[in-house]
Amino acid sequence: MNRLSDVLREVAQSYQRGLRDALRPRLAFSSLLVAVVAAALLLVVFIIWHAPIRQWSGYWVAWGLAWLGTTPGSMWVAALTWLLIISFYLLGVMLLMQIMLELWLMPRIQSVCLRRHPALLERRHYASIRQGLLDGVRTFLTWAVGGLVCLLVPVIGGLLLLALSSYLAVRSLVNDSLDGLASDAQIRTLIRTSRPEMLVLGLLIALTAVVPLLGLLVPVLAGASTCHLMMGRLERLTPTASVADSRG
């Protein structure tokens with residue numbers, strides 16, 4: 001119980017700090033731009049390929065309902081199909097925003113967040129590029145394989161996919177948030193010990209994404225919240241981890 005309360009308190013603090021940074025005019029404008037561009041590009045894709053997307057979604061819905069032993073009418077299939085299409089669209093927008101966030105916004109977000117963690121500026125470490133690339137590949141493969149497994153689970157598969165995607169959305173930002181601040185060993189330690197926090201933070205950000213207007217700040221909010229979470233945990237990293245890092 002104490003562990004759960006600690007996780008919730010730390011996530012709430014990181015989210016609050018991230019939201020405060022996301023409201024800064026320049027970062028807010030950048031977040032708005034990323035959100036609009038991602039939504040527009042995915043809308044064009046869904047309009048062009050609407051027929052195969054709708055057909056595949058209809059097959060998946062019908063299969064899931066048949067697996068449950070039900071014989072729904074065409075109205076149920078159509079409604080659930082559109083719901084699935086909308087879910088895929090939102091998930092695609094979040095994925096595209098994630099890519100743009102990592103490639104463009106994270107360096108700017110990190111520099112802003114570091115103002116609240118000045119002690120980290122005095123202990124510069126550099127993780128290897130190879131480690132970052134491997135982490136990126138592992139995260140993508142986990143999402144691809146895990147997402148496919150989630151889609152094979154009827155009824156709750158969508159919820160499982162949301163939880164997995166929310167966790168990995170934060171997980172994929174860890175290396176960028178600690179770029180130049182932590183070594184490979186320290187990053188691995190933080191990832192291993194921060195999984196509950198990353199999951200809860202990811203779900204909280206996913207909920208924010210559906211809030212009107214506030215959802216437009218999600219790109220910067222996700223980056224800033226992750227930065228504050230990982231920077232705060234790096235500041236409290238045990239001496240044992242630092243020793244292990246120096247030996248590794």
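## Exercises on an all-helix chain

Among contacts (heavy atoms within 4.5 Å) between residues at least 6 apart in sequence, 84% join residues at least 24 apart. The model is predicted: local features need pLDDT of at least 70, side-chain atom pairs count only at pLDDT 80 or more, and totals for chains, interfaces and linings use all residues. Residues are numbered from 1 along each chain as its sequence is written, and side-chain values use heavy atoms, with hydrogens and water left out.

### Exercise 1. The overall build

Task: state how many helices and strands the chain has, and how much of the chain is buried.

Solution.
- Step 1. Count the elements. Helices (H or I, at least four residues) and strands (E, at least two) are DSSP runs, numbered from the N terminus. The chain has eleven helices and zero strands.
- Step 2. Write the pattern along the sequence: α-α-α-α-α-α-α-α-α-α-α.
- Step 3. Apply the burial cut-offs. Buried means under 20% relative accessible area, exposed over 50%, and partly exposed in between (1.4 Å probe, protein chains only). Of the 248 residues, 43% count as buried.
- Step 4. Turn to the surface. Accessible areas come from the Shrake-Rupley method with a 1.4 Å probe; for residues, only the protein chains shown count as cover. The chain exposes about 13900 Å², and carbon and sulfur atoms supply 71% of that area.

### Exercise 2. Salt bridges

Task: find Arg-9, Arg-24 and Glu-197, and name the salt-bridge partner of each.

Solution.
- Step 1. Set the rule. A salt bridge is a side-chain nitrogen of Lys or Arg within 4 Å of a carboxyl oxygen of Asp or Glu. The structure holds six of them.
- Step 2. Start with Arg-9. Its partner is Asp-6, with the closest N and O atoms 2.5 Å apart. Both residues lie in helix H1 (residues 2-22), three residues apart, about one turn of the helix. Arg-9 is exposed because its relative accessible area is 52%. Asp-6 has 34%, so Asp-6 is partly exposed.
- Step 3. Go to Arg-24. Its side chain meets that of Asp-21 at 3.2 Å, N to O. Arg-24 has 32% relative accessibility, so Arg-24 counts as partly exposed. Asp-21 has 1%, so Asp-21 counts as buried.
- Step 4. Finish with Glu-197. Glu-197 pairs with Arg-233, and the closest N and O atoms are 3.4 Å apart. This pair links distant parts of the chain: Glu-197 is in helix H9 (residues 195-209) and Arg-233 in helix H10 (residues 218-235), 36 residues apart. Both Glu-197 and Arg-233 are buried.
- Step 5. Look for a network. Salt bridges link Glu-10, Glu-197, Arg-233 and Arg-236.

### Exercise 3. A nonpolar patch

Task: locate the nonpolar surface patch, and say which helix gives the most to it.

Solution.
- Step 1. Set the rule. Patches are made of residues with over 30% relative accessible area and no salt bridge; like charges are joined within 9 Å, and nonpolar side chains (Val, Leu, Ile, Met, Phe, Trp, Tyr) within 5 Å.
- Step 2. Find the members. They include Phe-29, Val-36, Ile-99, Trp-104 and Leu-213, and the patch has about 1100 Å² of accessible area together.
- Step 3. Sort by element. Two or more residues come from each of helix H2 (25-48) and helix H4 (74-113). H2 gives the most, with six residues.
- Step 4. Check one member. Val-36 lies in H2. Val-36 is partly exposed because its relative accessible area is 46%.

### Exercise 4. Far in sequence

Task: say how many residues and how many Å separate Gln-55 and Thr-81.

Solution.
- Step 1. Place them. Gln-55 is in helix H3 (residues 50-67), and Thr-81 is in H4.
- Step 2. Read the separation. They are 26 residues apart in sequence and 8.8 Å apart in space, C-alpha to C-alpha.
- Step 3. Compare their cover. Gln-55 is partly exposed because its relative accessibility is 47%. Thr-81 has 5%, so Thr-81 is buried.
- Step 4. List what Thr-81 touches. Leaving out residues up to four places away in sequence, these are Arg-54, Ser-57, Gly-58 and Val-61.

### Exercise 5. Two more helices

Task: check the span of helix H6, then decide whether helix H8 is mostly covered or uncovered.

Solution.
- Step 1. Take the 15 residues of H6 (residues 157-171). The expected span is 1.5 Å times one less than the number of residues. That should give 21 Å, and the end C-alpha atoms are 21 Å apart, so the two agree.
- Step 2. Look at cover in H6. Its buried residues include Gly-157, Leu-164, Tyr-167 and Arg-171.
- Step 3. Turn to H8 (residues 184-193). H8 is mostly covered, with seven of its ten residues buried. Among them are Asp-184, Gln-186 and Ile-191.
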